[in-house]
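Subject: Handing over a structure

Dear colleague,

I am passing a structure on to you, with notes on what was found in it. Please look through the entry below before you read on.

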Amino acid sequence: MSFRPLHDRILVRRVEFQEKTKGGIIIPDTVKEKPSEGEVVAVGPGARNEAGQIQTLDVKSGDRILFGKWSGTEIKINGEDLLIMKESDVLGIVEAQDEQKQAA
């Protein structure tokens with residue numbers, strides 16, 4: 001099954017972090033906070049402005065993003081836990097270090 005978000009919504013896969021502390025202590029699932037970083041899986045075509053034109057989204061598939069702790073709605077597609085949220089819930093796009101060095 002494929003999924004295409006509508007309007008200004010995006011589909012996000014949470015990025016899982018290491019389950020150990022630097023001291024080697026394993027953190028159980030019941031205590032861990034859900035990560036607020038994810039990878040954009042799919043994006044909608046965009047929202048309509050006052051003139052009725054579609055305004056494209058700033059995020060695109062493959063972008064790594066930061067979002068609020070309680071943002072989005074959890075859904076399950078093909079057995080995978082994903083989030084669907086509006087683009088306005090995105091706090092920012094995480095850029096790779098290599099891209100920042102090339103831009104400087």
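What does the secondary structure of the chain come to? The chain has one helix and eight strands, where helices (H or I, at least four residues) and strands (E, at least two) are DSSP runs numbered from the N terminus. Read from the N terminus on, the elements follow the order β-β-β-β-β-β-β-β-α.

Please bear in mind that this is a predicted model, in which local features need pLDDT of at least 70 and side-chain atom pairs count only at pLDDT 80 or more, while totals for chains, interfaces and linings use all residues. Residues are numbered from 1 along each chain as its sequence is written, and side-chain values use heavy atoms, with hydrogens and water left out.

The sheet

Six strands form an open sheet in the order β6-β7-β1-β2-β5-β8, with antiparallel pairing; two strands are taken to pair if DSSP finds at least two bridges between them. Because β6 and β8 stand at the edges with a single partner strand each, one side of each is left without a neighbour in the sheet. From one strand to the next, the twist averages 45°, an angle between axes that are lines fitted to C-alpha atoms (for helices over the stretch in contact), running from 0 to 180 degrees between N-to-C directions.

Starting at the β6 edge, strand β6 (residues 73–77) is joined to β7 by five bridges, and Lys76 stands opposite Asp81 in β7. The hairpin of β6 and β7 has two residues between the strands, and Asn78 takes a positive phi near 55° there. Strand β7 (residues 80–86) also runs antiparallel to strand β1 (residues 9–14), with four bridges between them, and Leu11 faces Ile84 of β7 across this pairing.

Further along, strand β2 (residues 37–43) pairs with β5 over three bridges, where Glu39 stands opposite Arg64 and Gly38 has Ile65 as its bridge partner. Four bridges then link β5 to β8 in the antiparallel sense, with Ile65 opposite Ile93 in β8.

The interior

Buried residues make up 27% of the 104 residues in the chain, where buried means under 20% relative accessible area, exposed over 50%, and partly exposed in between (1.4 Å probe, protein chains only). The largest nonpolar core has ten residues, namely Ile10, Val12, Val40, Leu57, Val59, Ile65, Phe67, Leu83, Met85 and Val90; such a core is a set of buried Ala, Val, Leu, Ile, Met, Phe, Trp, Tyr and Cys residues joined through side-chain atoms within 4.5 Å. At least two residues of this core come from each of β1, β5 (64–67) and β7. A second, separate core of five residues includes Leu11, Ala42, Leu82 and Ile84.

Strand β5 has a covered face, made by Ile65 and Phe67, and an uncovered one, made by Arg64 and Leu66.

The surface

What is the relative accessible area of Val94? Val94, which lies in strand β8 (residues 90–94), has a value of 32% and is therefore partly exposed. Ile54, in strand β4 (residues 54–55), is also partly exposed, with a relative accessible area of 44%. The C-alpha atoms of Ile54 and His7 are separated by 8.7 Å, although these residues are 47 residues apart along the chain.

With kind regards
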